[in-house]
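Me: I have a protein model open and I would like a close look at a single part of it. Could you pick up at the place I have clicked on and then walk me through to the part with the ligands?

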Amino acid sequence: MWHPKSASRHALLPAEWPSRDRAAHARWFSPIRVGRLNLERRTWIPAMVPWRASDDGLVTADVLDWYARFARGRPGALVVEATGIRDVPSGPLLRIGHDRFVPGLRELVDTVRRASDGQTRVFIQLIDFLAIRKRPEPGRYLRQFLQITDRHRERLAPRAATDPEVRDVLCQLSHDELELVLEPRELEAMDFGARERVTDVHLPHVRDLPLTLPGLFADAAARAEAAGFDGAELHCTHAYTLASFLSALNDRADGYGRTLEGRLRVPLAVLEAVRARAGSAFVVGCRSSTEECIAGGTTLDESTQIATRLARAGLDFLSLSRGGKFEDAKQPSIGSAAYPYTGPSGWECMPTTLADAAGPFGRNVAAGARIRRALRAAGCETPVVICGGIATFAQAEGILERGEADVVGSARQSLADPDWFEKVRLGAGDGVRRCAFTNYCEGLDQKHKQVTCKLWDRLELDRPDVKRTRDGRRRLVAPY
Ligand SMILES: Cc1cc2nc3c(=O)[nH]c(=O)nc-3n(C[C@H](O)[C@H](O)[C@H](O)COP(=O)(O)O)c2cc1C
Ligand code: SF4
């Protein structure tokens, strides 16, 4: 797992938990208006993919158990994992690209309502992503996948003429020599696995994304509303399609890149289409980045402008993350695909206690606060949700008191102890199982293994009612 060069191990922040009476007057446990809905509290669980859907993208009993467990802790809002808007195979990730997904998702919504006694609002994160291939064995790439062109011939001249001859010669070359013959994208495809970008306008399906995405997202949102969700969160952060349109690296020359206006066009069109299709009470929010945290990536200045444009276009909430990009991801092993949380920007997204001097706690707060100030200065009242290394009452309450955000979310701390919001609210904070921020859970996520937490997945494994992971070695749901 990547960590900053000059890293040292940081201790968890001291936690002084409030009494029940103090918590009753806390801002964090006070209601807030989001769109046309009320959140009972300003506590929030951001999206986390647990790899529990069926291989066809359907809701399973394990998905229901996972969300029921979080809902028992009664967060103000629970965002269901990144859910694919297309009807294409994508492994055990939830999907919403066809009406057949609606009944399962309806069951999920009902489960959350029941488990939280109707106190938790349930949103679904809608995601689109482009194709990415596994890293091939180099010989196989050169013999099978690489398209031989005259450029290769020219660079190898006079050593090869026919395609098989060119391939034979390429297979004899060292990596350094291949760097002189292959194009950067070909080298990337060999060393990391081929990855589509929104700038690949030579591919018709990528060129046409500005035309296809608004409808796909609007259809997905309509299904989410039909399933009973309170709202949808457009995935405009990390490494995925909408974020890639917004990115400073988007240099599409067809009006959908280069300038900030151009980069915003697709996300704005998506938002408009979703808004037009969804009922007025249906909340439409977005998760975007404060900073991309990669060379040449979107800076806070630009993110502030992006946030203001999205807010003016009618966003009901803005949830802020950071980093999580492919551009600086670690080279995957042969047979695996690159993962956008394995490099420095991935670390910024989910920082661990092996951190630089600034530490892992609340790293996104100052940037989020600046975006919120800009929104208010522009006359937008859009609630801002912040998260990232926030795991104590004092942090959350301080953020709200200082007006740095309107809602405070915790992903990993909620995974470590799904009851933690309720424990704190009821004055039982001493019983919180505190996240260690070492990213065991994220390591599982990277391998597309069922996500669990190291603090609880071996507890009471022998109890007959405890459901286990496929390999039988871990429990699937946090103990009570
Ligand atoms: C296992 C796991 C899965 C995640 N899946 C998603 C996801 O589907 N969508 C998303 O926007 N963020 C995802 N994240 C990022 C979290 O929502 C959150 O931004 C990040 O963990 C930092 O917050 P924290 O410090 O409170 O954990 C995931 C994080 C983890 C640990
Ligand atoms: S495995 Fe558990 S303790 Fe470790 S980072 Fe994840 S949620 Fe926190």
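Reply: Happy to! Leaving aside residues up to four places away in sequence, Glu460 touches Val466 and Pro479. Keep in mind as we go that this is a predicted model. Glu460 sits in the segment after H19. Is Glu460 buried or exposed? Glu460 counts as exposed, because it has 10 C-beta neighbours inside 10 Å, and the cut-off for exposed is 12 or fewer. To get a feeling for distance, look across to Val270: Glu460 and Val270 are 190 residues apart along the chain, and their C-alpha atoms are separated by 46 Å.

Now go to another residue of that segment. His448 is also found after H19. What is the phi of His448? The angle is near 55°, a positive value in a residue other than glycine. With 15 other C-beta atoms within 10 Å, His448 is partly exposed.

On the other side of H19 there is Asn439, whose place is in the loop between H18 and H19. Asn439 also has a positive phi, near 65°, and is a residue other than glycine. Its surroundings can be counted as well: Asn439 is buried, because 24 other C-beta atoms lie within 10 Å, and the cut-off for buried is 20 or more.

That brings us to H19 itself and to the ligands. Which element gives the largest share of the shell around ligand 1? The answer is H19, with three residues. Helix H19 covers residues 440–446, and it is one of the elements that each supply at least two residues of this shell, along with strand E5 (77–84) and helix H17 (412–416). There are 24 residues around ligand 1, and those that come nearest are Pro46, Ala47, Ala82, Ala411 and Arg412. Sorted by class, the shell around ligand 1 holds twelve nonpolar, seven polar and five charged residues.

Ligand 2 has a shell of its own. Of the 13 residues around ligand 2, the nearest are Arg412, Cys435, Tyr440, Cys441 and Cys453. Here the elements that give two or more residues are H17 and H19. The largest share of the shell around ligand 2 comes from H17, with three residues. By class, this shell divides into nine nonpolar, two polar and two charged residues. If you want one residue to click on for both ligands, try Arg412: it is listed among the nearest residues for ligand 1 and again for ligand 2.

Next, let us visit a helix that comes before these in the chain. H16 runs over residues 393–401, and Ile399 lies in it. Which residues of H16 are buried? They are Phe393, Ala396, Glu397, Ile399 and Leu400. These residues cover an arc of only 155° around the axis, so they are on the same side of H16. What do the buried residues of H16 pack against? Their partners are helix H15 (365–377), strand E11 (384–386), strand E12 (407–409) and helix H18 (420–425). Just after H16, Gly403 takes a positive phi of about 70°.

Ile399 makes a good example from this helix. It is buried, because 23 other C-beta atoms lie within 10 Å. Not counting residues up to four places away in sequence, Ile399 touches Val365, Ile386, Glu404, Ala405 and Val408. Another pairing to try is Ile399 with Trp28: they are 371 residues apart in sequence, and 9.3 Å apart in space, C-alpha to C-alpha.

Finally, zoom out to the whole chain. It has 19 helices and twelve strands. Its radius of gyration is 23 Å, close to the 23 Å that the globule rule gives for 480 residues, so the chain is as compact as a globular protein of that length. The C-alpha trace spans about 85 × 55 × 50 Å along its principal axes. Of the 480 residues, 47% count as buried. Among contacts with a separation of 6 or more, 71% come from residues 24 or more positions apart. The chain is divided into domain 1 (8–133 + 199–446) and domain 2 (138–191), and the C-alpha centres of the two domains lie 41 Å apart.

How values were computed. Residues numbered from 1 in each chain as written. Chains lettered and ligands numbered in written order. Predicted model: local features only at pLDDT ≥ 70, side-chain atom pairs only at ≥ 80, totals over all residues. Near = placed C-beta within 6 Å. Helix = DSSP H or I, 4+ residues; strand = E, 2+ residues; numbered from the N terminus. Nonpolar A, V, L, I, M, F, W, Y, C, P; charged D, E, K, R; others polar. Contact = placed C-beta atoms within 7 Å. Rg over C-alpha atoms; globule rule 2.2 N^0.38 Å. Arc of directions from axis to C-beta. Domains from an automatic or database assignment.
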